[in-house]
Amino acid sequence: MGFISTDLISQIREQTDITSIIGSYVRLVSSGNSYKALCPFHKEKTASFHVIPDKQIYHCFGCGKGGDVFSFIMEAEHLAFPEAVKFLASKCGVTIPENQDHQDTRKSQQYVFLDRAASFFQNCLKESQANHARAYIDKRALSDDTVKKFRIGYSPNSWDSLIKHLAKNEEDFKILEESGLIKSKNEGESYYDVFRNRLMIPILDIHGRVVAFGGRVLSEEDEPKYLNSSETETFNKRRMLFNLREAIPLIRRQNSVIIVEGYLDAISLWQSGIKNVVATLGTAISAEQIHILARNCEVLYLCYDADTAGQRATIRAISMQKDAPVNARIVAFDNPEDDPDTFIRREGPENFKKLLDNAKDIYTFLIENRTRGLSSPLEIPVKEKLIQEFKELVPAIHSSIARSEVIRKISKLLDMDSNVLEKELTGKEQIQEKAVKPGKNLISPRLNAEIQRQEWVLKHLLEKPNRFESVRSLLGPSAFSDTDLRKIFEAMSFQQQASDYSLRPAEILSSLDDPALASRLSELITTLEDRPDEPFMDCVKGLVKNHFEFELKEIQEEISKAESQEDYLMVARLSQQQIDLKRKIDMLY
Ligand SMILES: [Zn+2]
């Protein structure tokens, strides 16, 4: 993580007191072993924000935000992690040693070289070697102002023009390589330019620094069509959004953001006056990117090329969004050949705004998209196929209100009883769901007994890390059927082995990259007082047994399949596995 040593981070953590830090932002009221306050991150009338001094963590049951002292400062002060570390270091009088500065210097050298590269590409665009690049810009109808504003450039069709321009000594080669601009071959014997004969679009971070480039092909035989810088210290694709810096004030003002796939789409919309636009740097939007956007606005317009591979992944990522409910809508073009750029150039911004007004919420879109052209009433096999598809999606919808709304819509479209559908999709009756109070969905009865058991085991291990040893041979990640819990278990078990068998909740929290996971963990820690109904060891065995039984069921299915294919060798092999597994289950007790 980052470039500040973990030792230093631990030192700062040990010297700060989360209660006094958070106490300087909100009024904390003591309540048993913890403190309560009105949440600083969402509007509320009754306090659901908790600080647990013992564990040095906080968690809000209203909005789900939670973490350690570093994540609090990041959130409250809008800082990146390294800046939050510095902020706290100065508060508790820890000095960040020289070599950290050295690393800072290295990073800032990368910024300098990335910026120089951008200027170099800009200049190259003016030369005669870039005639075809300028012709392409004309074809896309980008104005001179736009080209200048986005610092669009051209990378010459040669293996070493950037190297010749920027690298003066060994050190320069190293920095250029670390910045993702050049690559070495024959183990550092020689280097070559990464971007050749491409239209170059610099990618800027939120501070306006060039951190990477996107290069579009100019000659059809070149591959790939879009080439992004590889990930570097300064460039994390999952967190980066093209044009975010410019768009953010408008995103906040309009309370909405338009998300497109390509930088040229974003630039084109911007030029025509639609400025609350960002581009993702891959096909699917990441959980981190949604998190960043959801902090700044409520409505997300997804304006992707029709039916891309990323569309479903995107819908899923949005469904799982936990911290702030977002209203995600899909902007669809009537003409499947259209993309945002072609549309806006032909139809203009007013018609584009009409498209936004008609954008459908993601679930309606998905249903309509899958049922288009099918005769009504839908035939049973069609319905079954659709239900199968929604089965993957609906249980992942985090908000219970959104979930029941979606179920209502699907049941209407499929002309099905909503109770039957709900049971089919989630394995639960709708009646249960109605008892869930809004805002309480983080501790809702969505947790069935099995998930609760998995949570109990994790809570117990958090409380008594020494018990890790007694279950290590028995309990593996696969025993956790809930993916979030599985990842948390993996992080805990890694942390426990890496840190001399102690387990500091705050450290596990900082090791989790995904804010949704961190929120789930802080929720677990905050509710530690819940005692398992059954003894810990029974709980663990129960989990393991369930997992084995699930495997048994799968093997049984394979056996039936092998039998029907008269593959008796396979049947024999699987039967052996079955016996072994049954023995393992017997051995548990
Ligand atoms: Zn909150």
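## A tour of two helix crossings

Start by selecting Ile9, Ile12 and Gln15 in helix 1, then add Phe81, Val85, Leu88, Ala89 and Cys92 in helix 4: these two groups meet each other. Sorted by class, this contact of helix 1 with helix 4 holds 7 nonpolar residues and 1 polar residue, with no charged ones. Keep in mind as you look around that this is a predicted model.

Now widen the selection to the whole of both helices, residues 6-15 for helix 1 and residues 81-92 for helix 4. Their axes come within 10 Å and cross at roughly 50°. Angles from 35 degrees up to 65 fall among those counted as oblique, and helix 1 and helix 4 are therefore oblique to each other. Turn the view to look through one helix at the other, and you will find a left-handed crossing of helix 1 and helix 4.

For the second stop, select residues 380-393, which form helix 16, together with residues 418-426, which form helix 18. Here the axes come within 8 Å, and the crossing angle is roughly 60°. Helix 16 and helix 18 are therefore oblique to each other as well. What is the handedness of the crossing where helix 16 passes helix 18? This crossing is right-handed.

To see what makes the contact, show the side chains of Ile387, Phe390 and Lys391 on helix 16, then those of Leu421, Glu424 and Leu425 on helix 18. Colour them by class, and the contact of helix 16 with helix 18 divides into 4 nonpolar and 2 charged residues, with no polar ones.

Terms used:
Residues are numbered from 1 along each chain as its sequence is written. This is a predicted model: local features need pLDDT of at least 70, side-chain atom pairs count only at pLDDT 80 or more; totals for chains, interfaces and linings use all residues. Side-chain values use heavy atoms; hydrogens and water are left out. Axes are lines fitted to C-alpha atoms, for helices over the stretch in contact, and angles run from 0 to 180 degrees between N-to-C directions. Helices (H or I, at least four residues) and strands (E, at least two) are DSSP runs, numbered from the N terminus. Angles under 35 degrees count as roughly parallel, over 145 as roughly antiparallel, 65 to 115 as roughly perpendicular and the rest as oblique. A crossing is left-handed if the near helix is turned anticlockwise from the far one by less than a right angle, and right-handed if clockwise. Contact means heavy atoms within 4.5 Å. Ala, Val, Leu, Ile, Met, Phe, Trp, Tyr, Cys and Pro count as nonpolar, Asp, Glu, Lys and Arg as charged, and the others, Gly among them, as polar.
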